Every structure is written in structure tokens, then in C-alpha cells.
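Got the viewer open and a selection box ready? Let's walk through this one stop by stop.

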Amino acid sequence: MAGGAADGEGLGRRGGAARRPRGEAEAGSLGPLSAAEAPAEGAALPAWMRLYFYGVHGITLDVLVSSARRFARSPDLRMLGFSSPYRCLLHSLTHFALEKVYLQQRGCPSAFVFNFLVYPSVHVGLQTLAGQALLLSLGGGPGGAAAPGALELALQYVLALYHCQVFLKLFLRLRYRQQQQQRSAPPAPAGSRALVAAGGRRRRPRGPRGAGGAPSQRLPDLLHFLFFGMHGFLDEIFFTFFFNVLGQGDRAASGHTSLWSFFMYGSCGVVVEKLYFYLQYSRGWGTWKRVPIYVLFIYAWELFWGLGLRMCGACSWDYSHYPLNFMGLITLMYLPCWIFLSVYQDLVSNVLERVQYIPTN
């Protein structure tokens, strides 16, 4: 027996990696990793980050669904959608709880029963209860909330399947590289700033390893585009919500945005992120030296999109009643907002750069 084991070990060395038992190989390819199963070099996304992403993702679904419903009733090329900070908080908390339910999948003897019955039932029930509680709290009485109809329940079931079969499977494979884990990068020499100013590029630390030793991947630009587009929904929903509350005094008011904003913010965010990495790491420019470049690009991008959408009758904003506006499409009144969002995006870009995807195999 000992000799056979030694021979097997030798064959494993000569042939590369020794073959694992079938059961172990299958276990290694099951579903997303939980926080407890995260590789040593890459931790699961922190709870605050998952709550943040769940809120952004939930607002995006709200906007898509409400925009589709509104367009079906009365076609409008502005493609307006609605949500609110209340629903953002609701999505964060409910989907954080549903994540815990999803991670119990391996304890269910039948994957089919869990994926198409257990999880959707919990998802639909929790979302319905939370939505009714929100309507009651804002409506001020039992008449403020009505029982969901069959179409609403069917929609919630479809969203539950999407959340279980698509979103969580991919989202829970993201890993976050902590700042202190970048041990491979030596301290920067005293003359490094001079090298950067001369055109030298700083190397970014290597990320963690995935399952089976596979290298983790930086999130592709497409996912950065999707995130910045969804974050644009969040920005506009929050801004218009507080604008409506201050103007109308109605705490039950909702914020609004347009589906076109997704493409505007997504593309703009990717370009500004590229500018940030180039100006920061290749040119060595400080924050307040970069911000004017960001703001000029943002105004040019907003004007460009506004002109195109106005020609199609799809422009959802008009600043003609604001002072310091140009063609009703851009206004200096929003300059502080763009400066704040520009600085904030630098912080978001630094966080996204440490988020990596761990392949399943």
C-alpha cells in the first residue's frame, strides 16, 4: 500500500497536478463561495459594500420596471423611471437577508426545488411584506397599501429567478483585496514621484488567486460601465427625490430618472475613470488639478447627449429656467454637484480597482 501511494505520488508529479477524487472535483466547482470559503489572499466583499451594491442594483430594477410599465401605458421616448431612497434602503436590507438564504443552497437535497420553489417563495414573500410595510408607513393607514395582484406576484417570481440564477451566482464570486494585503509591493523609493512625473508607470499589485489556483481577474470595463450606469440612476433618484421633498414637502415623493441616463453616466464614468488613472498614475496630478478636466468633460458630455436626445424628443431635462444655462442643456448652477461627484468617483474607482472576479474553475 505504501509503495502504491508513493508510485501514485510520483505519477502525479510527472504528469503535473495529481488527479483529485471525483467528488472533490465536483465540490470545487459548486456555486459561489461564501465568506467562510473565501481564498486566503482575497476576502469576500465587506458587508457594507454588499449592502451598497444591493441598494444600487435594486434601484436599477425599480427604474427598469417602472419605465417599462409607464411606456406600455403611454409611449414616451424620455423613458422615465421612478424609485426613492426608501426603496434603496429596502433593497439593501432585503437582498442582504436573501443572500443568507441563498447560501443555504447546499443544504437542500434538491437543487431544482431550492432554485425554483424555496428561494423564489422566500424572495416573493419577503419583498411583498417589505413593500407593503413601506406603503403603510408612507400612506399613513391601511388604505395606503393594496394586496399585490397575480401579475405583480409573477413579476416578483421572475425577478427572484434572475436574482438566484444570474445575479447572486456572479456577484458572490467577487473578492475584495484589502489594502494591507498588497505585501508584494515594496515601499516606494524617494525618487518615485520624479519617475512618475517623467512618464514612468506604477505597477498595480497582483490580485488574489481563484479556485484551483486560477488567477483572479480585474473587473472588465463592461462591468465598470454597468456599475457607473446604475450609480447614475442612484444619483438622479436621490437628487430628484430631495428636490421634490424640499419643493413639495411630501415625504412620500419619489425620485425620477431616465433610461438614457444609464448610458450617459455609464460611458461618462468609464472615461472619467480612465482619466483618473492616467492623470494620477502617469502624470502625478493631484485631485484639484484633475477635477477641472473632469468637469469640462462632464459638461461637454451632457451637452452632446442633450443635443442628440432633444433631436429625438427624448431629452428628460431642461434647464431653461435656471440662470447661467446654455441652450437649456447645461447650467453652472450644478457645478458644485459635478465637482462633488467627480471627487467621489475617484474614491469609487479606487474601490472598484480592488474588486476582482474569481473564476469558478
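## Stop one: a histidine inside α5

Start by selecting H123, which counts as buried at 2% relative accessibility; the cut-off for buried is under 20%. This histidine belongs to helix α5, residues 111-139. Now show what surrounds it: setting aside residues up to four places away in sequence, H123 touches H95, L98, Q156, L159, A160 and H163.

## Zoom out for a moment

Before going on, bear in mind that this is a predicted model. Colour by secondary structure and you should find 11 helices and eight strands in the protein. Of the 361 residues, 40% are buried. How do the contacts spread along the sequence? Counting contacts between residues at least 6 apart, 76% join residues at least 24 apart. Switch on a surface and you are looking at about 20000 Å² exposed by the protein, with carbon and sulfur atoms supplying 67% of it.

## Stop two: α3 across α8

A word before the helix pairs: two packed helices are described by the angle between their axes and the distance between the axes.

Select helix α3 (residues 47-73) together with helix α8 (residues 221-248): their axes come within 9 Å and cross at roughly 80°. That angle falls between 65 and 115 degrees, so α3 counts as roughly perpendicular to α8. For the side chains, show Y52, F53, V56, H57, I59, T60 and V63 on α3, which meet F227, M230, H231, F233, L234, I237 and F238 on α8. What classes of residue make up this contact? There are 11 nonpolar and three polar residues, and no charged ones.

## Stop three: S258 and its surroundings

Keep F233 of α8 on screen, as it is among the contacts of the next residue, S258. S258 sits in strand β5, residues 255-258, and is buried, with a relative accessible area of 1%. Draw a distance from the backbone oxygen of R78 to the side chain of S258: a polar atom there lies 2.6 Å away. Leaving out neighbours within four places in sequence, the full contact list for S258 is R78, M79, L80, F233, E236 and S316.

## Stop four: two methionines with positive phi

Hop to M79, one of those S258 contacts. M79 lies in the loop between α3 and β2 (80-83). Its phi is positive, about 55°, although M79 is not a glycine. Buried or exposed? M79 counts as buried, at 19% relative accessibility, and the cut-off is under 20%.

Next, pick M327, in the loop between β6 (325-326) and β7 (330-331). M327 is not a glycine either, and has a positive phi of about 60°. With a relative accessible area of 42%, M327 is partly exposed.

## Last stop: α9 and α11

Finish with another helix pair. Select helix α9 (residues 259-282) and helix α11 (residues 335-353), which pack at an angle of about 75° with their axes 10 Å apart. This angle therefore makes α9 roughly perpendicular to α11. Show Y265, G269, V272, E273, Y276, F277 and Y281 from α9; they meet W338, Q345, D346, S349, N350, L352 and E353 from α11. Colour this contact by class and you get seven nonpolar, four polar and three charged residues. Flip back to the α3 and α8 contact, where no charged residues take part, and you have both helix crossings to look at.

Notes. Residues are numbered from 1 along each chain as its sequence is written. This is a predicted model: local features need pLDDT of at least 70, side-chain atom pairs count only at pLDDT 80 or more; totals for chains, interfaces and linings use all residues. Side-chain values use heavy atoms; hydrogens and water are left out. Helices (H or I, at least four residues) and strands (E, at least two) are DSSP runs, numbered from the N terminus. Buried means under 20% relative accessible area, exposed over 50%, partly exposed in between (1.4 Å probe, protein chains only). Contact means heavy atoms within 4.5 Å. Accessible areas come from the Shrake-Rupley method with a 1.4 Å probe; for residues, only the protein chains shown count as cover. A polar contact is a pair of N or O atoms within 3.5 Å; within protein, one must be able to donate a hydrogen and the other to accept it, and residues adjacent in sequence count only if both atoms are side-chain atoms. Axes are lines fitted to C-alpha atoms, for helices over the stretch in contact, and angles run from 0 to 180 degrees between N-to-C directions. Angles under 35 degrees count as roughly parallel, over 145 as roughly antiparallel, 65 to 115 as roughly perpendicular and the rest as oblique. Ala, Val, Leu, Ile, Met, Phe, Trp, Tyr, Cys and Pro count as nonpolar, Asp, Glu, Lys and Arg as charged, and the others, Gly among them, as polar.
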